[in-house]
Amino acid sequence: MCSIPSSIGNLCNLQYLDLSYNNLDGSLPDIINETETCNSKSPLPNLRVLYLEYNQLMGKLPNWLSELKHLEGLHLSHNQLQGSIPSSIGNFCNLQYLDLNNNNLNGSLPEIIYGTETCNSKSPLPNLRALYLFGNQLMGKLPNWLGELKNLEQLDLSHNQLQGSIPNLIGNLSNLYSLNLRNNQLSGTLTKQHFWKLSNLNYLYIDSNSFRLDVSSNWTPPFQLSILSMGSCHIGPAFPAWLQSQKDLMYLDISNTSISSSVPNWFWNISSNLKYLIRSHNQLQGQLPNSNIGEFLPNLYFLSLSGNGITGTIPDSVGHLTSLEVIDFSSNNLIGSIPSTINNYSSLIVLDLGNNNLSGMIPKSLDQLQLLKSLHLNHNKLSGELPSSLRNLTGLDILDLSYNNLSGQIPAWIGTAFPNLVILNLRSNMFSGRLPSLLSNLSSLHVLDLAQNNLMGEIPVTLVELKAMAQDHNMSISSLYDNRSNYRYEERLIVITKGLTLEYTRTLSLVVSIDLSDNNLSGEFPEGITKLFGLVFLNLSMNHVIGRIPESISKLRQLSSLDLSSNKLFGSIPSSMSLLSSLGYLNLSNNNFSDKIPFIGQMSTFTESAFAGNPNLCGAPLVIKCQDEGTDKSVEDKIDSGFVDQWFYLSIGLGFAMGILVPYFVLAMRRSWCDAYFDFVDKIVKWLLFRKRVTYARNHVQRK
């Protein structure tokens, strides 16, 4: 790693400098020397293109950059540059490409830029064709001078924190080819004035803002778009009629745009080039078309109509969209059975029909979808057994059949057919029988949810072989798909944990879970589960599990939720559970646990409800005190009392010894002291005897 020396000013004739994809660090030099050497007042007087992309440069943009009079391309993207964009960028009279994307630039765009006099032009940056400022931390409003960049072809300010409305002057950029303002905090009303002269516009990204489109029903845009992304803009309630004029569309995203009308028939014939269609999260009404839409949309590979009010059945005609790679019809009101023509999708990767009212059996013909990775049929009314033909979908990563009426046994081939399976969700069905031990072969499994069925028998000890759950770190669910069409499909999963129903989407990779609750499982607590170090959620509640919680449960350091309630577990609660520092939810209620609760460490964060229904448990946080708590106190008192008595008698003995021995040793040292001492004692004794005789004689006379 090294920095850029200020001596580069010596390169008087340099026209092209590319130092990209190095490990350059530090800041750009504040001053470039040797301008005198070059017989020029400005540094690097002949430099036309400067590439410093993909380094680790920091600090602010130095002033000398604006003195590069002949610069045509300035590329500083993917660094760590900070500070604001200086108003002196107006001095770049010849600049055509300015790329500062993916840095840490902040502050507002300059309200005014200087240099129009220098450039002999009435407009700023007269030659600028591309301005890339996306992926920074820019704030504030869009300045009016953006609408004066008369030669601008590409403007990308996406993924910042820009606010306010779009200036009307943007509509004057007649050469603008691509406009990207997505993922900001922009708002306001867009009228036809904003698009007045944008006849060359081909790409328009304004999604993930709060715009409101206000145009007449007979408005005809001046442009022909290939890509239109307006997600989260308000363009309803009527279906936008002006879309009928867009015959070249390849990508259309009008999700979450408050459209509540039915889809017009002309829409399905909007563009034969359409490849990507998202109309999710609106209130669209009506039914899917019965006509052969495969003739009109032969190239469509992504179709999302989720989160609407579409009714009726899935027509066989949908099977004619043979290029589809993603179908998402989830969260509608579709009824009937899954059509057999669905096996025509030889390229299908994602099939999501969840949250509808579909009935009947799972089609055996699904086994024709050899490339399928994600299958969501959850929250329907499907019945019957799992067809054995599903075992041919060997590439499955996600299998979610939860909340249906499926029955029969969980087939053993699930454990061998899907080597890449990450999520297996069969929750809330009517499956019966024993858990197949071959489930342990699912070495990539992160989520195993078989709750709310009629399963019986012991929990297989082989679960310890679920290798992915034994890892402390987990893969990103978004990395499951490398195909072009999946970058906008968002996997999601409903998880019942911590007493709540949670939906995981972008954080799905954090979920590592086993949920076998509400079945008829029996046998002892499977100690092997404590070797699945990556477990975050574990729920075995409402079964007939017996035995003790092993001390080794403390190895589950990632555990966030543990529910073992309503079983037949007994014995002491292991004190090692206090080491589960990530544990935020615990339910051990309605078992046969006994002895004192180890109310220390993380265990001291839980309330009485976590331990209720165990009559032999005692101690905090329960109101029931343990029997040995009072005994311990009396024993302590006895020990303390005995300790005091021992010191009392010891002190008396020491005092007595000192009183006898000290005078003895003192008198033994000198004979004269000894004679004097005993003469004094004799006198005292004689005086006492005399006093006694006198007292006796007086008492005798008084009696007479």
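In this predicted model, residues 24 or more positions apart account for 59% of the contacts in the protein with a separation of 6 or more. The secondary structure of the protein consists of 4 helices and 43 strands. The chain comprises 704 residues, of which 50% count as buried. The area exposed by the protein is about 33500 Å², and 51% of this area is supplied by carbon and sulfur atoms.

Enclosed space was examined next. Rolling a probe the size of a water molecule over the atoms shows where empty space is left. A search of the whole structure returned 7 cavities of 30 Å³ or more. For the largest cavity, the volume is about 100 Å³. The largest cavity is lined by 13 residues, and the closest to its centre are L61, L65, P86, I89 and F92. By class, the lining of the largest cavity contains 10 nonpolar and 3 polar residues, with no charged residue.

Among the strands, β11, β13 and β15 were considered as a group. Strands of a sheet pair through backbone hydrogen bonds, either parallel or antiparallel. These 3 strands form an open sheet in the order β11-β13-β15, with parallel pairing. The edges of the sheet are occupied by β11 (residues 163-164) and β15 (residues 210-213); each has a single partner strand, so one side of each is left without a neighbour in the sheet. Strand β13 spans residues 185-190 and is joined to β11 by 2 bridges, the two strands running parallel. In one of the residue pairings, G164 has L186 of β13 as its bridge partner.

A further site is centred on Y345. This residue lies in a loop, with β22 (residues 333-336) on one side in sequence and β23 (residues 350-352) on the other. Although Y345 is placed in the loop between these strands, its relative accessibility is 2%; residues under 20% are classed as buried, and Y345 therefore counts as buried. When neighbours within four places in sequence are left aside, the residues in contact with Y345 are V318, G319, L321, T322, L324, I327 and L369. The C-alpha atoms of Y345 and L371 are 9.3 Å apart in space, while the two residues are 26 residues apart in sequence.

Methods: Residues are numbered from 1 along each chain as its sequence is written. This is a predicted model: local features need pLDDT of at least 70, side-chain atom pairs count only at pLDDT 80 or more; totals for chains, interfaces and linings use all residues. Side-chain values use heavy atoms; hydrogens and water are left out. Buried means under 20% relative accessible area, exposed over 50%, partly exposed in between (1.4 Å probe, protein chains only). Contact means heavy atoms within 4.5 Å. Accessible areas come from the Shrake-Rupley method with a 1.4 Å probe; for residues, only the protein chains shown count as cover. On a 1 Å grid over the protein atoms alone, a cavity is a set of points where a 1.4 Å probe fits but cannot get out, and a pocket is an open set with protein on both sides within 12 Å along at least five of seven lines; lining residues have an atom within 4 Å of a point. Grid points are joined across faces, edges and corners, and a volume is the space filled by probe spheres set on the points. Ala, Val, Leu, Ile, Met, Phe, Trp, Tyr, Cys and Pro count as nonpolar, Asp, Glu, Lys and Arg as charged, and the others, Gly among them, as polar. Two strands pair if DSSP finds at least two bridges between them.
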